[in-house]
Amino acid sequence: MFGRVKSLDAILATAEKKSLHRSLGAFQLTMLGVGAIIGTGIFVLTAEAAQKAGPGMMLSFIIAGLVCAVAALCYAEMASMVPVSGSAYTYSYAVMGELLAWMVGWALVLEYAVAAGAVSVGWSGYFVGLLREYLGIGLPQEIVNANALIAHIKLAFGAAPSAELSSALEVGGYINLPAFIIALLVTWLLVIGTKESAFVNAVLVVVKITALTAFVVLAVPVMQSENFQPFTPLGFGGVSAAAASIFFAYVGFDAVSTAAEETKNPQRNMPIGLIGSLAICTVFYLLVAAGVIGTVGAQPVLDAAGKGIAPGNATAMAAACASIANEAVVCSKEALAWTLREIGWKQIGNLVGLAAGLALPSVVLMMMFGQTRIFFVMSRDGLLPEKLSTIHPKYKTPHVVTIITGIVVAIFAALFPVGALADISNSGTLFAFAMVAIAVMVLRKTDPNRVRPFRTPAVMITAPLAIIGCFYLFFSLDWYTLRLFVGWAVLGLLIYYFYSRHHSHVGRGLVEVHEDDDDIPPSSVPPLPGI
């Protein structure tokens, strides 16, 4: 299985036989990246990071950004050299063989699908806040979280009764209905095609950038230095844990590489899109984090023993926040809007909340866009049923895989909290990023003469740093998340050995495929054409 390697030339030939329409330029790719990156990570997970690290979350943003930066340099070399869909999956197939490629692709499924669910939940928090602030409507707990449902499931599977489970049952909550609905709406938007999703996403990218700019302009000038003390109230371990979570705020740049097959002049434009979008977002993140900390503080709430409460412990967090009348940014599900209201800009805060409510669906769109492209390529290689790569005769989009992805994302969003989903998504992302860095080094040795329009600088330093950084963040995740990742990997191996290895085109000796398909060449859903 490790010997099944699909050559780069074969990958490029296959892409030409069943290719996606090339329509994206450098600016479009950069805006695609900004649209994918800026979202739940900064609008919502700021509060989660503060609960884990306090003001030290500034270091968390820097650590996560640095890991992404070195990973992006590795991605840029591979994406410019192999300008086809599939991202880390495709690169791994060309360098390390089919089994590892399958595992990377399977991890990317975890990244994109769960990430889309996390962003949907983040949007739900802002949406509920908007209804409360603008219309005075408070949605019942039964339809804005699934705490009680999860508690019932745990008890049904033999969990011992506890105060936490009892509190969850009392608080209630059986489904996050707003998150469920937004995931299905985005699925519909992706199915119907290019113009609709391009226009909507372009508008929402502008809205997000405007909202963050307004926050920075209003918050940064009134920062107080004393709010940064103590800087690391829970020690450096808290900073590491926050970095592992806040990593979610950056990983959207990976979605840029999934659009490589739809990019004009990818040798030039892919590196610009990857690195440019990451640089823009890093500056925004540090300014926004400083604004939150400097204006309202970011100290974590503690339990009776004086220890930091895990953000995922919804019941304990709710009790601690109730004791201080929710007067802390870590208690808010709409951190930036709450901060502006607290410093006297209530209406602007409401507008930022409105902007987040309007804009976060663009990130759901980008995550689901990336997910469908990964499935598309894995299906094209025979590792998944080829029916998944069917193109809709009218809309020219991969509608089958899009609908399946949308249903799964909606279920995730309906049942799980944002922090848990973000951490689970990060586990898959970090694994895939590490594999790309390894692939870059291996390919430098095995195919040194191949043209590399973009070369990772100091690759034997940059790539190992990316690998070390990814493993550092991976093992900074909590053990519950790591166990879920292992379970997901085992499930992936079972699917591979019982289905994929028998249907693989490479395994069956089919190098170039789809020459006679009547749906060639399909149009895709480029996220930002004409921008």
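This is a guided tour of one predicted model, stop by stop, with what to select and what is found there.

Before selecting anything, note that residues are numbered from 1 along each chain as its sequence is written. Because the model is predicted, local features need pLDDT of at least 70 and side-chain atom pairs count only at pLDDT 80 or more, while totals for chains, interfaces and linings use all residues, and side-chain values use heavy atoms, with hydrogens and water left out.

**The whole chain**

Start with the full chain in cartoon view, where the secondary structure comes to 21 helices and two strands; helices (H or I, at least four residues) and strands (E, at least two) are DSSP runs, numbered from the N terminus. Buried residues make up 60% of the 531 residues, where buried means under 20% relative accessible area, exposed means over 50%, and partly exposed is in between, with a 1.4 Å probe and protein chains only. Taking contact to mean heavy atoms within 4.5 Å, 85% of the contacts between residues at least 6 apart in sequence join residues at least 24 apart.

Next, colour by pLDDT, the predictor's confidence in each residue, from 0 to 100. The chain mean is 79, and 81% of the residues reach 70 or more. Confidence is lowest in helix H1 (residues 8-17), at a mean of 62, and highest in H20, at 94. Then select residues 513-531, over which pLDDT stays under 50, although the model has 69 contacts beyond four places in sequence for them. Where pLDDT is low, the predicted coordinates should not be read in detail.

**The second largest pocket**

Now turn to the second largest pocket, which has a volume of about 350 Å³. Of the 17 residues that line this pocket, select Leu 110, Val 114, Phe 412, Ile 424 and Trp 488, the closest to its centre. On a 1 Å grid over the protein atoms alone, a pocket is an open set of points where a 1.4 Å probe fits, with protein on both sides within 12 Å along at least five of seven lines, whereas in a cavity the probe cannot get out; lining residues have an atom within 4 Å of a point. Grid points are joined across faces, edges and corners, and the volume is the space filled by probe spheres set on the points.

To see the walls, show helices H7 (98-135), H17 (346-380), H18 (399-415), H19 (418-446) and H21 (479-503), the elements that give two or more residues to the lining. H7 gives the most, with five residues. By class, the lining has 15 nonpolar, two polar and no charged residues, where Ala, Val, Leu, Ile, Met, Phe, Trp, Tyr, Cys and Pro count as nonpolar, Asp, Glu, Lys and Arg as charged, and the others, Gly among them, as polar.

**Along helix H19**

Stay on H19 and select Ser 427, which counts as buried at 1% relative accessibility. Leaving aside neighbours within four places in sequence, Ser 427 is in contact with Leu 110, Phe 474, Leu 477, Thr 481 and Phe 485. Val 442 is also found in H19, but this residue is partly exposed, with a relative accessible area of 29%. The C-alpha atoms of Val 442 and Val 95 are separated by 7.0 Å, with these positions 347 residues apart along the chain.

**Backbone stops**

Go on to Ala 458, in the loop between H19 and helix H20 (459-474), where phi is near 45 degrees, a positive value in a residue other than glycine. Then select Pro 230, in the loop between helix H11 (194-219) and helix H12 (235-246); the peptide bond from Gln 229 to Pro 230 is cis, with omega near -10 degrees. In H12 itself, select Gly 235, which is partly exposed at 27% relative accessible area and lies 9.5 Å from Gly 54, C-alpha to C-alpha, across 181 residues of sequence.

**Buried residues and cysteines**

In helix H14 (residues 266-296), select Asn 269, buried at 5% relative accessibility; beyond four places in sequence, its contacts are Leu 24, Gly 25, Ala 26, Leu 29, Thr 263 and Lys 264. In helix H2 (residues 26-37), Leu 32 is buried at 0%, and its C-alpha is 8.4 Å from that of Val 205.

Finish with the cysteines: a search of the whole structure finds zero disulfides, a disulfide being a pair of cysteine sulfur atoms within 2.5 Å. The sulfur of Cys 68 is 7.8 Å from the closest cysteine sulfur, in Cys 470, and therefore too far for a bond. Cys 68 is buried, with a relative accessible area of 0%, and Cys 281 is buried with a value of 0%.
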